[in-house]
Amino acid sequence: FHWHDEIEFFFVSKGSVSFVVEGEEFLLKQGQGVFVKSKALHSRYSLENSYCECHAILFSPKILSSSTFDVCQKLYIQPLLCL
């Protein structure tokens, strides 16, 4: 388990994984992804030692706070940060 200040987008390109965010477990299959809010304790592991390929993109929440994105931030981004 780990956490970080950045927001993370995690995507499964092959196989499947179990992804745990703040104690809640999700099964992610090929083609599925999940957003993890800043400072959320999370982890992932492959199922039954099966092969999988995963990708993670981390970015600072500050990148989303530009005044250009005010409306978008209020409608779409802020709810993700407050989950």
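Strands β2 and β5 run antiparallel to each other and are joined over five bridges. This is a predicted model, and β2 is a good place to begin exploring it. Strand β2, residues 16-21, also pairs with β3 in the antiparallel sense, over six bridges. Let's build the picture outward from there.

**The sheet**
- Three strands make up an open sheet, and reading across it gives the order β3-β2-β5, with antiparallel pairing.
- Because β3 (24-29) and β5 (42-46) stand at the edges with a single partner strand each, one side of each is left without a neighbour in the sheet.
- From one strand to the next, the twist averages 25°.
- If you are new to sheets, it helps to know that their strands pair through backbone hydrogen bonds, either parallel or antiparallel.

**Who faces whom**
- Which residues stand opposite F19? In β3 the residue opposite F19 is F26, and in β5 it is R44.
- S18 has a bridge partner in β3 too, namely L27.
- The hairpin of β2 and β3 has two residues between the strands, and E22 there takes a positive phi near 45°.

**Strand β2: buried or exposed?**
- β2 is mostly covered, with six of its six residues buried.
- On one side of the strand you will find S16, S18 and V20, and on the other V17, F19 and V21; all of these are buried, so both faces of β2 are covered.

**The nonpolar core**
- The largest nonpolar core has ten residues, and among them are F10, V12, L28, V34, V36, A40 and C52.
- At least two residues of this core come from each of β1 (7-14), β2 and β4 (33-36).
- β2 gives the most, supplying three residues.
- V17, F19 and V21 from β2 are all members of this core.
- A40, another core member, touches H2, W3, V21 and E22, leaving aside residues up to four places away in sequence.

**The cysteines**
- How many disulfides does a search of the whole structure find? The search finds zero.
- Why is C52 not bonded to the closest cysteine sulfur? That sulfur belongs to C54 and is 4.0 Å from the sulfur of C52, which is too far for a bond, because a disulfide needs the two sulfur atoms within 2.5 Å.
- C54 counts as partly exposed because its relative accessibility is 22%, and buried would mean under 20%.
- C52, in contrast, belongs to the largest nonpolar core.

Methods
Residues are numbered from 1 along each chain as its sequence is written. This is a predicted model: local features need pLDDT of at least 70, side-chain atom pairs count only at pLDDT 80 or more; totals for chains, interfaces and linings use all residues. Side-chain values use heavy atoms; hydrogens and water are left out. Two strands pair if DSSP finds at least two bridges between them. Helices (H or I, at least four residues) and strands (E, at least two) are DSSP runs, numbered from the N terminus. Axes are lines fitted to C-alpha atoms, for helices over the stretch in contact, and angles run from 0 to 180 degrees between N-to-C directions. A nonpolar core is a set of buried Ala, Val, Leu, Ile, Met, Phe, Trp, Tyr and Cys residues joined through side-chain atoms within 4.5 Å. Buried means under 20% relative accessible area, exposed over 50%, partly exposed in between (1.4 Å probe, protein chains only). Contact means heavy atoms within 4.5 Å.
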